[in-house]
Amino acid sequence: MNMRNQTGAVGRTVLVTGASAGIGKATVEKLLGEGYAVYAAARRVEQMRDLEEQGAVVLSMDVAREEDLVAAVDRIATERGGVDVLVNNAGFGLFGPVEDITLDEARYQFEVNLFGLARLTQLVLPYMREQGAGRVVNVSSVAGKMYTPLGAWYHATKHALEGWSDCLRWELKPFGIDVIIIEPGLISTEFGDVAFGPVAKRSGGSAYAGIVNSMAERMNRSVATGSPPAVIANTIFKAIRVRRPRTRYVAGKYARLALLIRSLVTDRMFDWFVDRMAK
């Protein structure tokens, strides 16, 4: 049974992770306004009460906890039959010098940004295959195609997500399921505080203190001037509703410029740009 309608869009049940703030919350609001049945999932349930009032079904979910993922998918299967569109948005940025970050911290970065996302995708795929349609939207970043100072572990997860998504897209094409990568640029969210807030505490007295303090200040200023999360929410909606979506969508401040520069210059030349950014 193929659930695509005349516009090419799949069914109307959407699960959005990381929905308590930023891109996730804006995406839930956009899709609710467009008539979708939206399940909004995040750890901070109290920050989604406004989404509940707008009509979303709010789920408590830590994407690193198997029981949370299974419970969410089972509930949606009971209430709606299954997930038609999965928006894998949950994630965070672990920034700091590689030498100063413990491997346990690095593993958790991968657990949230890649493995939790992958497990949730596994759980929703049987329903999508059965109905012969579905969309998996993975919110990556321009960080998946380039690099910035102190972002080794965060960039590693996004580079991995890009390759994982490409392979998954090929595997799922025969079943009528699309895999779409969203690559935001600079977006005005709480990302800067979450990513660089702990860095000064961890490395403020280390050999990397100079670059750490400089980048923390620069990041906080930059994020404040980024595009609003609604820019990405609108992009996700476009990717969901069109008959033949692109494999990648690039949106947000500096996104296209950053990827263009990275594609045109050598590694050493891009190192020079990164050096200027750091200083």
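What follows is a short dialogue on reading the sheet and its helices in a predicted model.

Me: Where do I start with the sheet, and what is its strand order?

Reply: Read the order across the sheet, not along the chain. Here seven strands form an open sheet, ordered 3-2-1-4-5-6-7, with parallel pairing. Strand 3 and strand 7 (248–251) are the edges, each pairing on one side only. Neighbouring strands are turned by 15 degrees against each other on average, direction ignored.

Me: How many bridges join strand 2 to strand 3?

Reply: Four, between residues 37–42 and residues 57–60, and the two strands run parallel. Ala 40 in that pairing stands opposite Val 58 of strand 3. The chain gets from strand 2 to strand 3 through helix 2 (residues 49–54), a right-handed β-α-β crossover.

Me: And the other edge: which residue stands opposite Glu 183?

Reply: Val 250 in strand 7. Strand 6 (residues 177–184) and strand 7 pair in parallel over four bridges. Helix 9 (residues 255–264) lies across both strands, at about 115 degrees to strand 7.

Me: Which strands does helix 4 lie across?

Reply: Strand 1 (13–17), strand 4 (85–88), strand 5 (134–139) and strand 6. Helix 4 runs at about 170 degrees to strand 4.

Me: Why does Arg 129 count as partly exposed?

Reply: Check its relative accessibility against the cut-offs. Buried is under 20%, exposed over 50%. Arg 129 has 40%, so it counts as partly exposed. Arg 129 sits in helix 4 (residues 103–131). Beyond its sequence neighbours up to four places away, Arg 129 touches Phe 175 and Ile 177. The C-alpha atoms of Arg 129 and Phe 175 are 5.6 Å apart, though 46 residues separate them along the chain.

Terms used: Residues numbered from 1 in each chain as written. Predicted model: local features only at pLDDT ≥ 70, side-chain atom pairs only at ≥ 80, totals over all residues. Heavy atoms only, no water. Pairing = 2+ DSSP bridges. Right-handed = clockwise from strand over helix to strand, strands pointing away. Buried < 20%, exposed > 50% of the residue type's maximum accessible area, 1.4 Å probe, protein only. Contact = heavy atoms within 4.5 Å. Axes fitted to C-alpha atoms, helices over the stretch in contact; angles between N-to-C directions.
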